[in-house]
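Biologist: I'm at the bench with this protein and would like a close look at its charged residues and the loops and helices around them. Could you walk me through that part in some detail?

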Amino acid sequence: MKVLHIINTLAVGGAERLLVDALPIMKSQGVDARVLMLFSSGGGFEKQLREAGVEVEALGNSKNAYDLRIPMRLRSWLRDVDVVHAHLFPTQYWAALAHIGNRRSVLVTTEHSTSNTRAQHWLTSKIDKCFYSQYDGIICISQATANALRPRVPKKVDLRVIENGVVLPHTGTDVLPPERESVVGGLPADAFVALQVARFSDQKNQDCVIRALKLLPPDVHVLFAGYGNREAACRLLAEREGVADRAHFLGMREDIARLWSIADIGIMSSHWEGFGLAAVEGMAYSKPVLASDVPGLADVVGDKRLLFTPDDERMLAEKVMSLRDDKDLRSQLGEECLQQAHKFDINTMVARYVKFYEELLQKNVGQ
C-alpha cells in the first residue's frame, strides 16, 4: 500500500509531530508511507523522518501555502499512490481540488480540532462542506472533534474516530532526573515546577496560567515550552503581574523529555482542544496534568480532579496548591495518569489508521 501524506510544512506542531512518530511505525508494518510538504521549513522533523527511512520531499521553493497553483502541481504526485492523506488547512483544500477525477486512490484527511475560524461563519462552513465532499474518509482525533465536524460534512463521507497516540517513554524508577539548573537556567532546586508545552496562541491561553501564578506562593514556577505570535504579549503580562521571575519562557525545545523529568505537574489551559497530545505526553511521564474542562481535552485527561473551569485562574491556582501541598495525592494521580496515557499508545493508533485505509480502498474497488 502506497500512502502519500501531504502537509503544509514540517515545522514544529502537534500534527507534524504525529507524522514524525507514526510514519516510521507505519513503514515498519510494510506500508510505503511518504511525506510531501508544500514547502520545506528545514527543521528537525524533516531530518528525523529521513533518518527513520521515510521519504520526505517538498512541492516547491515557494513558502506561500496559499499559492493558487498548488492543486495543479499536486496532481502529478497523486497518480501512483493508493491513499492520499492530507493534513491541516489549506492543504486539505488543495488536496481535494487536486484529487478531482482521480479514481485510483482514496482521499483521507485528519481533523485535529473541535473549532476553527471557518466553522464560525455560515459561508465558510458551506465552502468547507464542498471541499469535504471530495474526501472518502475523515479521521477525527476525538469524539468531540467528530461531533463538531459532522454538521459540516456530507453524510456520504466516512468519519472515523481514532484518538492520537504518543510514543510512550521508557522510564524506570532507577533513572534519576537531571539537576534542574542544567535543564533550565535560573530555576531554583527546591521550586515546585509546572510545565506547559504548547505554541503561544489564543487557543492555548497561557494568559490564564500567568494570572494563576500571581495567586500562588513564590516557590511555584511555570515553564513555557513553545513559540508563537502571542509570546511577546504573555511576557508582558508576566511582567505586569509581577511574576516574570517565575514564568520561564523557553522557546522551542527538543529536550521535552528532560523538561518533563524536572517538572512536578503539567498544565494545559486551552480554550478548546481536539485532543491534547501534550497532555498525554505529560501523563506518560507519570505527571498529573491539570487541564481546562473542554471537550476533547477533558476526555483525554479523564479525571475530574484534574480539570478546572476554562480561563478560571483562581480554580487553577487552587488545583495547583492541592498538588503542591499533598505529595501522596500527586504521586497517586501521576500513576493514574500513566495508566490513562497507555490507552493512547501510538502503535494502536497506527494500526487503526492502516485498517481504515484498507476499508476505504476495499470500498473504492467495489464502486
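**Charges, loops and helix faces**

Modeller: Happy to! Let's start at Arg150, which sits in the loop between helix H6 (143–149) and strand E7 (158–161). Please keep in mind that this is a predicted model. Arg150 belongs to a positive surface patch, together with Lys126, Lys129 and Lys155. How exposed is Arg150? Its relative accessible area is 32%, so Arg150 counts as partly exposed. To join such a patch, a residue needs over 30% relative accessible area and no salt bridge.

That brings us to the charges that do pair up. The model contains 29 salt bridges. In one of them, the side chains of Lys363 and Asp158 meet, at 3.7 Å from N to O. Lys363 is part of helix H15 (residues 346–365) while Asp158 is in strand E7, so this pair ties together parts of the chain that are 205 residues apart in sequence. Strand E7 is one you have met already, since the loop of Arg150 lies between H6 and E7. Lys363 itself is partly exposed, with 43% relative accessibility.

Helix H15 also takes part in another long-range contact. Arg352 makes a salt bridge with Glu163, with 3.2 Å between the closest N and O atoms. Here Arg352 is in H15, whereas Glu163 is in the loop between E7 and helix H7 (180–183), and the pair links parts of the chain 189 residues apart. Both partners are partly exposed: Arg352 has a relative accessible area of 34%, and Glu163 has 31%.

Now compare a pair with a rather different setting. Glu273 and Lys204 form a salt bridge whose closest N and O atoms are 2.8 Å apart. This pair, too, links distant parts of the chain, 69 residues apart: Glu273 is in the loop between strand E11 (265–268) and H11, and Lys204 is in the loop between strand E8 (192–197) and helix H8 (206–214). Are these partners buried or exposed? Glu273 is buried at 8% relative accessibility, and Lys204 is buried as well, at 9%. Some salt bridges also share partners, and in this way Asp158, Arg160, Lys355, Glu359 and Lys363 are joined into one network.

For a helix with two sides, turn to H2 (residues 44–51), where Phe45, Glu46 and Leu49 are buried. Viewed down the axis of H2, the buried residues fall within an arc of 105°, so they line one face of the helix. Lys47 and Glu51, on the other side of H2, are exposed. An α-helix has 3.6 residues a turn, so residues three or four places apart point the same way. Lys47 also serves as a handy reference point: its C-alpha atom is 24 Å from that of Ala95, 48 residues away along the chain. Ala95 is in helix H4 and counts as buried, with 1% relative accessibility.

Just before H4, the backbone has some details worth a look. Phe89 and Pro90 are joined by a cis peptide bond, with omega about 10°. Pro90 is in the loop between strand E4 (83–87) and helix H4 (91–99). Leu88 is in the loop between E4 and H4 too, and has a positive phi of about 70° although it is not a glycine. Leu88 is partly exposed, at 23% relative accessibility. Ser286 is another non-glycine residue with a positive phi, of about 65°. You will find Ser286 in the loop between helix H11 (277–284) and strand E12 (289–292), where it is partly exposed at 24%.

Finally, a patch without charges. Val12, Tyr227 and Met252 make a nonpolar surface patch of about 270 Å². Val12 comes from the loop between strand E1 (2–7) and helix H1 (14–28), and Tyr227 from the loop between strand E9 (220–225) and helix H9 (231–240). Val12 is partly exposed at 45%, and Tyr227 is partly exposed at 39%.

Terms used:
Residues are numbered from 1 along each chain as its sequence is written. This is a predicted model: local features need pLDDT of at least 70, side-chain atom pairs count only at pLDDT 80 or more; totals for chains, interfaces and linings use all residues. Side-chain values use heavy atoms; hydrogens and water are left out. Patches are made of residues with over 30% relative accessible area and no salt bridge: like charges are joined within 9 Å, nonpolar side chains (Val, Leu, Ile, Met, Phe, Trp, Tyr) within 5 Å. Accessible areas come from the Shrake-Rupley method with a 1.4 Å probe; for residues, only the protein chains shown count as cover. A salt bridge is a side-chain nitrogen of Lys or Arg within 4 Å of a carboxyl oxygen of Asp or Glu. Lys and Arg count as positive and Asp and Glu as negative; His and the chain ends are not counted. The place of a charge is taken as NZ of Lys, CZ of Arg, CG of Asp or CD of Glu. Helices (H or I, at least four residues) and strands (E, at least two) are DSSP runs, numbered from the N terminus. Buried means under 20% relative accessible area, exposed over 50%, partly exposed in between (1.4 Å probe, protein chains only). The arc is that of the directions from the helix axis to the C-beta atoms.
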